[in-house]
Amino acid sequence: MPRRVLQGTVVSDKNAKTVIVSVERRVMHPVYKKFIRRSKRFQAHDEANACKVGDVVYIRECRPISKNKRWEVVTAAEASVTANASAQ
């Protein structure tokens, strides 16, 4: 069975080798038929501590690493704007 891959935004990088990624999805309201946004936060393993707050990353399902970590960072889709601005 293939592993799920999700795209989300890093909202916290305070822990060692761990980032918290917020993943948003759009669902239709059952009565009003309007699309609303739902989000969920996942703890993901970041071995190199490379991800910063605001980065858009892909996370992949993996074996349990700790009590709450069942995802790992695959690759960074794009770096945060604040990191690029401070580097110049």
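This is a short tour of a predicted model, moving from the whole protein to a surface patch and then to one strand residue.

**Start with the whole chain.** Colour by secondary structure and you should find 1 helix and 5 strands in the protein. Follow the chain from the N terminus and the elements come in the order β-β-β-β-β-α. Among contacts with a separation of 6 or more, 47% join residues 24 or more positions apart.

**Switch on the surface.** The protein exposes about 6600 Å², and 50% of that area is supplied by carbon and sulfur atoms. Of the 88 residues in the protein, 27% are buried.

**Select Val5, Tyr58 and Val74.** What do these three form on the surface? Together they make a nonpolar patch with about 240 Å² of accessible area. Stay with Val5 for a moment: this residue belongs to strand S1, which covers residues 5–12. Val5 has a relative accessible area of 49%, so it counts as partly exposed, the cut-off for exposed being over 50%.

**Now move to Ser22.** You will find Ser22 in strand S2, residues 18–28. Is Ser22 buried or exposed? Its relative accessibility is 17%, and because buried means under 20%, Ser22 counts as buried.

**Finish with the neighbours of Ser22.** Leave aside residues up to four places away in sequence, and show what Ser22 touches: Gly8, Thr9 and Val11, along with Ser39, Lys40 and Arg41. Gly8, Thr9 and Val11 fall within residues 5–12, the range of strand S1, where you met Val5 earlier in the tour.

Notes. Residues numbered from 1 in each chain as written. Predicted model: local features only at pLDDT ≥ 70, side-chain atom pairs only at ≥ 80, totals over all residues. Heavy atoms only, no water. Helix = DSSP H or I, 4+ residues; strand = E, 2+ residues; numbered from the N terminus. Buried < 20%, exposed > 50% of the residue type's maximum accessible area, 1.4 Å probe, protein only. Contact = heavy atoms within 4.5 Å. Areas by Shrake-Rupley, 256 points an atom, 1.4 Å probe, with all protein chains shown as cover. Patch = residues over 30% accessible without salt bridge, like charges linked within 9 Å, V, L, I, M, F, W, Y side chains within 5 Å. Salt bridge = Lys/Arg side-chain N within 4 Å of Asp/Glu carboxyl O.
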